[in-house]
Amino acid sequence: MTDLVTFGETMLRLSAPRGERLERTRSLNTAIGGAESNVAVAAARLGCETTWMSKLPLSPLGRRITGELRSHGVQPAVAWDENNSARIGTYYLEHGGNPRGTKVIYDRGDASVTTATPLQLPTAALESAELFYTSGITPALSSTVEETTKTLLTAANQKGVTTAFDLNYRSKLWSPDTAGISYRSLFPNIDILIAAKRDVEMCLNRDGDVVEVANGLYHDFGFETVVITQGEHGSVAVHDSNVFKQDVYTTDTFDPIGSGDAFVGGYLSQRIDGDNLPNALEYAAATASLKRTIDGDLAVITPEDVETVIKENDNEISR
């Protein structure tokens, strides 16, 4: 039995060395990144048996992604695209502190994953999974993938598999109104909703006190659990009509990209393991803090790393 199955796009990440501009650099560092595979890696490194589903070109670049994921303990379940024009999504990254900021340029149009259908995907692992996860990035990729996402969530729900969904809004992929309509169409088949407060405000038009917002989503849509993250202000969760709060752990930030996915991977790994929600939130916060110290999208961590962060800090959970 697989603990966690995720579905989504993984891209090639090409980043300029720190301090260099993309327009002038003579070299690019190569890595991989994608919300759902980032979550799968974090959960796998924390002890879960994980599978990542997607569609990739049958090429060296496609094998680059599956090889990397296997090295972290994730089992790829891939529909291979043998079309000569098949391509993989890519994003270019330029690190920059204040006032310049970090810049991301996407080149992900017409990637193989945008044509993925349920019949093409090797979904056997989903049949016996404990939990299925995807994010709001995936249905934004194309109308085909939007329908595939809905079909997979529905199938998982019907089989009694717990489903988790992170809004993960991306303005470069669609508008807040379009995203909100798509999100709401998926909600009937989602058990665990995870979202950044800014995404809830922008796409679901719900603002105000974070506890009231979380409770409103919990009651209006019948979720089993709602988790809302607030960046440096920590996270809030509602489960069984109870409210839980978790602070962040202080961290030096080397690379923030993927820290939200690390939070999700840490949280889901503990819930799958049977831990209670407050402890899972604590684990998630520690996992996210560790990711910020690591270059790349992936949380290359161990359970011992996470437990050390928790033990060495005095953050208290409000229950």
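Okay, this is a quick walk through the overall fold, one helix and one helix pair.

Up front, this is a predicted model, where local features need pLDDT of at least 70, side-chain atom pairs count only at pLDDT 80 or more, and totals for chains, interfaces and linings use all residues. Numbering starts from 1 along each chain as its sequence is written, and side-chain values use heavy atoms, with hydrogens and water left out.

So, the big picture. We've got 10 helices and 13 strands; those are DSSP runs numbered from the N terminus, helices being H or I with at least four residues and strands E with at least two. The C-alpha atoms sit in a box of roughly 55 × 45 × 40 Å along the principal axes. Of the 319 residues, 55% are buried, meaning under 20% relative accessible area with a 1.4 Å probe, protein chains only.

Now, helix H1, residues 35-45. How many of its residues are buried? That's 10 of 11, including Glu-36, Ser-37 and Asn-38. Just after H1, Gly-47 has a positive phi of about 110°.

Last bit: helix H8 (residues 259-272) against helix H9 (residues 277-291). They pack at about 145°, axes 7 Å apart; axes are lines fitted to C-alpha atoms over the stretch in contact, and angles run from 0 to 180 degrees between N-to-C directions. Contact here means heavy atoms within 4.5 Å. Among the residues making it are Phe-263 and Tyr-267 of H8, plus Leu-281 and Tyr-283 of H9.

Notes: Buried < 20%, exposed > 50% of the residue type's maximum accessible area, 1.4 Å probe, protein only.
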